[in-house]
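Welcome! Let's take a walk through the charges and cysteines of this structure.

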Amino acid sequence: MGVRDNNIIGGVGSHQPHDSAHLHVSGEACYIDDIREPQGTFHVALGLSDQAHANILSVDFSEVRKAPGVIDILTAADVIGKNNHGPILADDPLFADQTVEYAGQSIFAVIAESAGAARRAVRRVKIEYEELPAILDIDSAVKNGSFVIPDQTLARGDADDAIKTSLHSLTGQFAIGGQEHFYLEGQIALAIPHEDGNMLVYSSTQHPSEVQHLVAEALAKQSKDIVVKCRRMGGGFGGKETQPALLACIAALAAQKTGQPVKIRLDRDDDMLITGKRHGFMIDYEVGFDENGLIQGIHFVLASNCGHSADLSGPVNDRAVFHSDNCYYLENVHILSHRCKTHTVSNTAFRGFGGPQGMMAIEYVLDEIAHHLNLDPLDVRKLNFYGTEDRNTTPYRMTVEDNIIHRIVDELEEKAKYRQRRREIEQFNRSSPILRRGLALTPVKFGISFTATFYNQAGALIHVYRDGSVMLNHGGTEMGQGLYTKVAQVVAEEFQIDIDQIKCTTTDTGKVPNTSATAASAGSDLNGMAAQAAARTIKARLAGYICDQYDVTADQVSFRKGKVLVGEKRQFTFAEICEQAYLARISLSSTGYYRTPKIQYDPTTLSGRPFFYFSYGAAISEVVIDTLTGENRLLRVDILHDVGHSLNPAIDLGQVEGGFLQGMGWLTSEELCWDEKGRLTTHAPSTYKIPACSDWPKEFNIELLDWSKNREETIYRSKAVGEPPFMLAMSVFYAIKDAVESQADYKVRSALNAPATPERILTAVERVQEQQGTATGKMETTVL
């Protein structure tokens, strides 16, 4: 049970367990693959291209049709509506027709009596291709002018002149890899045809309304004809924002064609081949700075690998540009953003949505400045922080009104004994030629709101029953992050009833329409406020009834601790008042709606106020590397993170822990590799390395700020927590870089790229040793 708060269980601010925790650990939580299949359900497998870029000359299905259990085949010719699942531009076909643009693109689908039969049958196809030139990396795309959408530029001041007149300047380039979402539950959809051409689709999706819209277009129907449901996902991380539409559309097309229920479930290999990843970036910079490391002017060129279609690359790259400042004031800045088209899978949303790549850009530059001047990187970072009264306007012309990064960093620096540990590490490294330690403190300032402004809205539906129990529904989706629990806590707080009186039901486009994706860390902000509005509407009706019935004024009615107090002498249970209101014909059902205030910006100039507020945090990481092998280990982490007035500290702590570890994976071990033909070679756990339990440091100290509250009027003054902790893991990368460059007393640039795999670390180590002209000393017997 949850901690009792103000004499109700599960109110706002209490350490309430996830509403499905008991189901998760017992195996009783129902995911889409657990839904009992209706009688006669068929299964679908996809036939994929093995070419990165080619014309399709012919396709021979004769052997496919002969395979046991095959019912039918779907191709582009069977799509009676739009052959597209692109969310913004119609540039991503359900089935490639004449040309394929990446290895893994769907060309056809086999409908069969079982999943195994369908998967075996697709292998029998014979496809003849005419191979075309393929662009497979960012450099080639830039050189060939290959972009999915036009470049964007953000500028303030005169960066050229500022750099030219600066005492010091540096130029450089570094690469940041992409990342596979690796959700535990793979992509899946179940489509069930209903009467009169209607379709019910169960989709593992963060964006049911978008799936509804795209399925309707594929079937040549209207949204009213399609209902999409999702009770829970086994992880999403952005990979189930746009990607599920492909499977949902194909399942629905197959169900429409056969008149039978149809399920499609990707195995892990196909899932990784077919679906988009985090965007990889190539970052070029030129920076001018003074003798203390204060940036005078800076140029960035941010080139991202968008893959073969636009998907969400526009807003992802916009957010990368918006976060290229992180916590730092850049008076003279010029940022050019290339959105590169390559013949690889179309990259998509991933936790942070471009923000992490933008932050890595400025953090890399500050690290280079510090080592160039032989200064502590923390001192250079602090010098460049935004101010509170001045130096507080972002390059996109938004005033930073809630800046608390100074206090966070100062507190973390003191609590984690940064200066003392820096001295101890320097002493260790002087006597340790093989094992080298590194330390880094990096801050985070992350903007909260969808950069596509129209998504910043939400709806909710609340039914209160005669017995005082409550049914809650909203447009947010549950992917393990605890959104259902948090929103239920809001409703419990409003009605002043225990949370076990509230049932949060399956996200359903038939209940709450036109919903936004559960993304951008805005799930609790948006859906919590919408649910609060619905609850307050019902409370107002109940209070009005009480005033009329008992001849009291509104200020004499209060909801408190499971009771409704009326005047000085009367009190009723919440259930008793609900029964009375029902008998008096008072409506106990209401919708609620919320739209984020204050936000607006011009997407053509990338200027305005794209964010409602900022979330802040900072982390210190300490690592050790082996200079003979490149192996490394994270020894200790200290985190101080801002969640405002937490709705649920237990869930928020879990988000900080999980976000940090996932970010560490992105920057250290998770490497995506393609062969010379553009085929992904890391498409299974055997070749793609996510962090394991053994990667968790022996000492991990996390603290949520106990003095912060959101200055903006968010739900109970809380702050978003889904994405911001991900960027705290930048400290791990810069601690590794610190350890590598310690070999030459930080006088040689390592040119370390991300992810910092053992191979890359070893290459950087050898580069530093070669440039320094030093040889590795006697091998130590100490092991990591």
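Let's begin with Asp 160, which sits in helix α5 (residues 159-164); helices here are DSSP runs of H or I with at least four residues, strands are runs of E with at least two, and both are numbered from the N terminus. This is a predicted model, in which local features need pLDDT of at least 70 and side-chain atom pairs count only at pLDDT 80 or more, while totals for chains, interfaces and linings use all residues. Residues are numbered from 1 along each chain as its sequence is written, and side-chain values use heavy atoms, leaving out hydrogens and water.

Asp 160 has 47% relative accessibility and so counts as partly exposed (buried means under 20% relative accessible area, exposed over 50%, and partly exposed in between, with a 1.4 Å probe and protein chains only). Together with Asp 158, Asp 161 and Glu 286, Asp 160 forms a negative surface patch. Such a patch takes residues with over 30% relative accessible area and no salt bridge, joining like charges within 9 Å.

**Salt bridges**

How many salt bridges are there by this rule? The count comes to 49, where a salt bridge is a side-chain nitrogen of Lys or Arg within 4 Å of a carboxyl oxygen of Asp or Glu. Here are some of them:

| Pair | N to O distance |
|---|---|
| Lys 677 and Glu 131 | 3.3 Å |
| Glu 411 and Lys 415 | 3.9 Å |
| Arg 466 and Glu 579 | 3.0 Å |

In the pair of Arg 466 and Glu 579, distant parts of the chain are linked: Arg 466 lies in the loop between β19 (457-464) and β20 (470-474), and Glu 579 in helix α16 (residues 574-583), 113 residues apart. Arg 466 is partly exposed at 41% relative accessible area, and Glu 579 is partly exposed too, at 27%.

Salt bridges with shared partners also join Asp 376, Asp 379, Lys 382, Asp 410, Glu 413, Arg 419, Arg 422 and Asp 738 into one network.

Glu 411 and Lys 415 are four residues apart in helix α12 (residues 405-415), so about one helical turn separates them. Glu 411 is buried at 19% relative accessibility, whereas Lys 415 is partly exposed at 48%.

**Cysteines**

The structure has zero disulfides, a disulfide being a pair of cysteine sulfur atoms within 2.5 Å. Why does Cys 249 have no bond to Cys 230? Cys 230 holds the closest cysteine sulfur, but because that sulfur is 16 Å from the one in Cys 249, it is too far for a bond. For Cys 340, the closest cysteine sulfur is in Cys 306, and at 6.5 Å this is also too far. Cys 249 is buried, with 0% relative accessibility, and Cys 340 is likewise buried at 0%.

Notes:
Patch = residues over 30% accessible without salt bridge, like charges linked within 9 Å, V, L, I, M, F, W, Y side chains within 5 Å. Areas by Shrake-Rupley, 256 points an atom, 1.4 Å probe, with all protein chains shown as cover. Lys, Arg positive; Asp, Glu negative; His and termini not counted. Charge placed at Lys NZ, Arg CZ, Asp CG, Glu CD.
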